[in-house]
Amino acid sequence: MSGGGEEDLSAFVALHGAALRASGVPALYWESLSRKLRGEVFDAGDYFGIMQVEEVDEEEEGDEEMEEELKKKPNPGNEPCFKVIVTNENGLQASNPNSVFLIDHAWTYRVEHARQQLLHVPGLLHRMTSLMSIDFHGEIPDEGSIEQVLQEMWKYNQTYQLSQGTAEEKVPVWYIMDEFGSRIQHSDQPSFATAPLFYMPQQIAYTVLWPLRDLETGDEVTRDYAYGETDRLIRKCVLLPWVPSEVLDVNCFTPEPSDEYYQAILAENKEKLPVAINPPIYDKDKVFKVFTDIQQVLRNLTHPRFVFTDNEKEADILYNFSHFKDYRKLSEERPEVMLNQFPCENLLTVKACLASISRRAGGPDGPRWLPRTFNLQTELPQFISYFQQRDRRGEDNHWICKPWNLARSLDTHITNSLNNIIRHRESSPKVVCKYIENPVLFHREDVGMVKFDIRYVVLLRSIKPLKLYIYDVFWLRFSNRAFSLDDLDDYEKHFTVMNYAAGVTLKQVHCEEFIPLFEKQYPEYPWATVQANICKAFAELFQVASAKPAPLGICDYQSSRAIYAVDLMLKWDTSRDGKRIMQPQVLEVNFNPDCDRACKYHPTFFNDVFSTLFLDETDNCHVTSIV
């Protein structure tokens, strides 16, 4: 290799080595891969060809093995079936450093933009319908064809995620390989492996293809669609989009996970639990020094018993935006220092943990105040069984897929497609929750009956004893379009978070204005009763969250305090005595919520919060004790 080639390779490895190792691309191919990427060499056509397989007529006495093989293919039925074979007369040697190939991507997108791109990108719908063997003869995109592509694309989709950038930039990217890559079929004993690679110099993603063994002319190119899955049941579930089957024999109950599950979360979070301390005692007139990096606190906390300090070491209160980790050191060295978070509070704020601890209140199905939730990483078979049972009974099967730990509805998708949900598991850790198909709606003069959600600020003063308050003002968020169970990718119909989307109307109604309007629309449901049920749900949630010692529950560290924002909706349900009721549904719990609106309309907000949490003084504060 020339000096220049060595430099090129070392620069390539410096940029891409970690990704190539993580994807299992053998180092033998790196030099050739680097050269092909630099020169944009797509030479797969010199080695492979796409072959159309004739369907076997089931009525004829055909080769039974061939029939069985065809039934296993990703596109069974009457549409054409393709496979990719080695056409090079010398075959292909896995030991040849040049036996690595680039596959281009025909379509790269984020799920929320898919429909618009199919509608507006010239030629895209035509190419996708052709690639997916969907009939489309017109020139103008039609809703029927677009809908078919949006359903079928989950059999062709692959995904990757950028590791750097803003929360928006880290939302998973989906892509469909070109006609060659998309026609490589599945096998449990694959002849090739593939992996996406984001090529930095061009800022473009390609798929890398390399052989796992030597192949002869005519051998089929296959890959494992469930690559990396070794458990037989999980493989069966992951392959359902291509090999339909039923998993109704799996018990769909989801008991609370084992203690080891919570221990593993603690280790992964790198949180060090505190030692036990005595509750700190302060002079009743003490002025507390507050160290904070939260602008809303710096601008709005004016209570005379709190002053700010820039010196973290002299602070009495640490009120930080980022998560604190080393509680052990703090508890040993400065036990009297109070802070605005609890050890293990991620059991509330991470959606998968919220679902698992909530089962302490309602058994395997969960409590009535939480939508039925499954962790797609650990409860996929149970979810599929539950979905298929509901399907059989003709029950509503709309679900909402959410990442464990993103807020603001990012990477959150509503669907009634099982394939869609199964494939979303590949992008990032997700939970899937039953979508509320019968929400309590609010009449907006300008729009009609829309979805709304409610945000309560909850103040957690201590775990033992459990002391919990709600702030007396709650906040409302509304959808911008009338609700109906269709157009599932219409953000303004199905979501309520409008304050982060550019050019979107943000409807604001103050809670004092909302209550009489709500009671006028629902005279049989006084708000005081609705709110009492909401508080009951909150109390139950925090009771189960603190029922077990850390890390199985929130740690009862005596110097911890916290505020959380709990988002919820109301749904129509039937009580045990057959009455129609409004049932609160907890959607998520947020750590360190954005309190901009709170401060804007209620300037004493942080004075009330600090007085309640750090002074134990609630008189003249806008808070109500619920536990």
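Here are some friendly notes on this predicted model, point by point.

1. A word on conventions to start. Local features rest on pLDDT of at least 70 and side-chain atom pairs on pLDDT 80 or more, while totals for chains, interfaces and linings use all residues. Residues are numbered from 1 along each chain as its sequence is written, and side-chain values use heavy atoms, with hydrogens and water left out.

2. The overall shape first. The protein chain has a radius of gyration of 28 Å, which agrees with the value near 25 Å for a compact globule of 627 residues (taken over C-alpha atoms; the globule rule is 2.2 Å times the number of residues to the power 0.38). Its C-alpha atoms fill a box of roughly 90 × 65 × 45 Å along the principal axes. There are 20 helices and 26 strands (DSSP runs numbered from the N terminus: helices are H or I with at least four residues, strands are E with at least two).

3. Now the interior. Buried residues make up 53% of the 627 (buried is under 20% relative accessible area, exposed over 50%, partly exposed in between, with a 1.4 Å probe and protein chains only). The largest nonpolar core has 95 residues, and Leu-570 and Phe-605 have the most contacts inside it; helix H18 (residues 527-545) gives the largest share of this core, nine residues. A second, separate core of 24 residues includes Leu-240 and Phe-383. (A nonpolar core is a set of buried Ala, Val, Leu, Ile, Met, Phe, Trp, Tyr and Cys residues joined through side-chain atoms within 4.5 Å.)

4. Phe-306 is worth a look. This residue is found in strand E12 (residues 306-308) and counts as buried at 6% relative accessibility. Beyond four places in sequence, its contacts (heavy atoms within 4.5 Å) include Phe-288, Ile-317, Phe-610 and Phe-614.

5. Ser-559 sits in the loop between H18 and strand E24 (562-574), and counts as buried at 0% relative accessibility. A polar atom of the Ser-559 side chain lies 2.7 Å from the backbone oxygen of Pro-335. Leaving aside neighbours within four places, Ser-559 also touches Glu-336, Val-337, Met-338 and Leu-339, among others.

6. On to charges. The whole structure holds 37 salt bridges (a side-chain nitrogen of Lys or Arg within 4 Å of a carboxyl oxygen of Asp or Glu). One of them joins Glu-143 and Arg-115 at 3.1 Å, N to O. Glu-143 is in helix H6 (residues 143-152) and Arg-115 in helix H4 (residues 114-120), so the pair ties together parts 28 residues apart in sequence. Glu-143 is partly exposed at 46%, whereas Arg-115 is buried at 16%. Both belong to a network of salt bridges with Glu-147 and Asp-489.

7. Another pair is Arg-477 with Asp-453, their closest N and O atoms being 3.0 Å apart. Arg-477 lies in strand E23 (residues 475-478) and Asp-453 in strand E21 (residues 452-462), so parts 24 residues apart in sequence are tied together. Arg-477 and Asp-453 are both buried.

8. Finally, please check Asp-178, in the loop between strand E6 (173-177) and helix H7 (179-182). Asp-178 is buried yet has no salt bridge, and the nearest side chain of opposite charge, Arg-127, is 5.5 Å away. The Asp-178 side chain does reach the backbone nitrogen of Gly-181 at 2.9 Å.

Conventions:
Lys, Arg positive; Asp, Glu negative; His and termini not counted. Polar contact = N/O pair within 3.5 Å; in protein donor to acceptor, adjacent residues only side chain to side chain.
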